[in-house]
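Biologist: I should like to learn how to read the side-chain features of a model. Could we proceed feature by feature, with the general idea before the case?

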Amino acid sequence: QVQLVESGGGLVQAGDSLTLSCAASGRTFSTHSFAWFRQTPGKERVFVAAINWNAGRTSYADSVKGRFTIAHDNEKKTVYLQMNSLKPEDTGVYYCAADVSDSYRNYVPLELHEYNYWGQGTQVTVSS
């Protein structure tokens, strides 16, 4: 079992920056990748960014490339999402997800179904 707790969401203006954190606990030694997904009312969760810290790889949605950075602190067991130059379309509930498995992964999972543990979400609202 892995527990994920997100924090850092809030209300900001367009152009501002915000950093989300996801603290992991439990079976973290079997966690290969972490990801952030965003969800807005009535829509499915969409991929934002992911990191396979074992393989040293990251991946970003086209809409956030150059503005968002995902990072992992293994000692603190925390994943961060640094969000710069925020836009109103970045608004949504941001969920942290973990890919926990005893099998090695050398790629970065991008799909919802590839992550088996989820946090409760944190709201990010960007006003224009």
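## Reading the features

Modeller: Let us begin with a residue in a loop. Ser85 has a relative accessible area of 42% and is therefore partly exposed, in a model that is predicted. Ser85 belongs to the loop between S8 and S9, and its phi is positive, about 45°, although the residue is not a glycine.

Biologist: Which other residue, not a glycine, has a positive phi?

Modeller: Lys77 has a positive phi near 55° and is likewise a residue other than glycine. Lys77 is placed in the loop between S7 and S8. Its relative accessibility is 37%, so Lys77 counts as partly exposed.

Biologist: Where is Pro88 found, and which residues is it in contact with beyond its neighbours within four places in sequence?

Modeller: Pro88 is found in the loop between S8 and S9. With those neighbours left aside, Pro88 is in contact with Ala14, Val126 and Ser128. The C-alpha atoms of Pro88 and Gln13 are separated by 8.1 Å, with these positions 75 residues apart along the chain. Pro88 counts as partly exposed because its relative accessibility is 35%.

Biologist: Let us turn to the interior. Which residues have the most contacts inside the largest nonpolar core?

Modeller: The general idea is that nonpolar side chains tend to be buried together in soluble globular proteins. In this structure the largest nonpolar core has 35 residues, and those with the most contacts inside it are Leu4, Trp36, Leu81, Met83 and Tyr94. Several strands, including S1 (2-7), S3 (18-26), S7 (68-73), S8 (78-83) and S11 (122-127), each supply at least two residues of this core. Leu4 serves as an example: residues up to four places away in sequence not counted, it touches a set that includes Cys22, Phe34, Cys96, Tyr117 and Trp118.

Biologist: How many aromatic pairs are there?

Modeller: Ring pairs are read from the separation of the centres and the angle between the planes. The count comes to three aromatic pairs. One of them joins Phe37 and Phe47, with 5.8 Å from centre to centre and 75° between the planes, an edge-to-face arrangement. Phe37 is in strand S4 (residues 31-39) and Phe47 in strand S5 (residues 46-52), ten residues apart, and the pair links distant parts of the chain. Phe37 has a relative accessibility of 1% and so counts as buried; Phe47, at 18%, also counts as buried.

Biologist: Why is the pair of Phe37 and Tyr115 edge-to-face?

Modeller: The ring centres of Phe37 and Tyr115 are 5.8 Å apart and the planes lie at 75°, so the pair is edge-to-face; planes over 60 degrees apart fall into that class. Phe37 lies in strand S4 and Tyr115 in the loop between strand S9 (92-100) and strand S10 (117-118), so the pair ties together parts 78 residues apart in sequence. Both Phe37 and Tyr115 are buried. Ring pairs link Phe37, Phe47, Tyr115 and Trp118 into a cluster.

Biologist: Which rings does Arg45 lie over?

Modeller: Arg45 lies over the face of Tyr95, 3.5 Å from the ring centre. Its charged end also sits over the ring of Trp118, at 5.0 Å from the centre of that ring.

Biologist: How many salt bridges does the structure hold?

Modeller: As a general matter, side chains of opposite charge can pair when their charged atoms come close. The structure holds three salt bridges. In one, the side chains of Lys65 and Asp62 meet at 3.2 Å, N to O. Lys65 has a relative accessible area of 52% and is therefore exposed; Asp62, at 66% relative accessibility, also counts as exposed.

Biologist: Are Asp90 and Arg67 buried or exposed?

Modeller: Asp90 and Arg67 are both buried, and their side chains meet in a salt bridge of 2.8 Å, N to O. Asp90 lies in the loop between S8 and S9 and Arg67 in the loop between S6 and S7, so the pair ties together parts that are 23 residues apart in sequence. Arg105 and Asp99 also meet in a salt bridge, 2.8 Å from N to O, and both residues are buried.

Biologist: Finally, how many bridges join S5 to S6?

Modeller: Four bridges join S5 to strand S6 (residues 57-60), and the two run antiparallel. Ala50 has Ser59 as its bridge partner in S6. S5 and S6 form a hairpin with four residues between them, and Gly56 in the turn has a positive phi of about 70°.

Methods: Residues numbered from 1 in each chain as written. Predicted model: local features only at pLDDT ≥ 70, side-chain atom pairs only at ≥ 80, totals over all residues. Heavy atoms only, no water. Phe/Tyr/Trp six-rings, centres within 6.5 Å; stacked < 30°, edge-to-face > 60°. Buried < 20%, exposed > 50% of the residue type's maximum accessible area, 1.4 Å probe, protein only. Lys NZ or Arg CZ within 6 Å of the ring centre and 35° of its normal. Core = buried A, V, L, I, M, F, W, Y, C linked by side-chain atoms within 4.5 Å. Contact = heavy atoms within 4.5 Å. Pairing = 2+ DSSP bridges. Salt bridge = Lys/Arg side-chain N within 4 Å of Asp/Glu carboxyl O.
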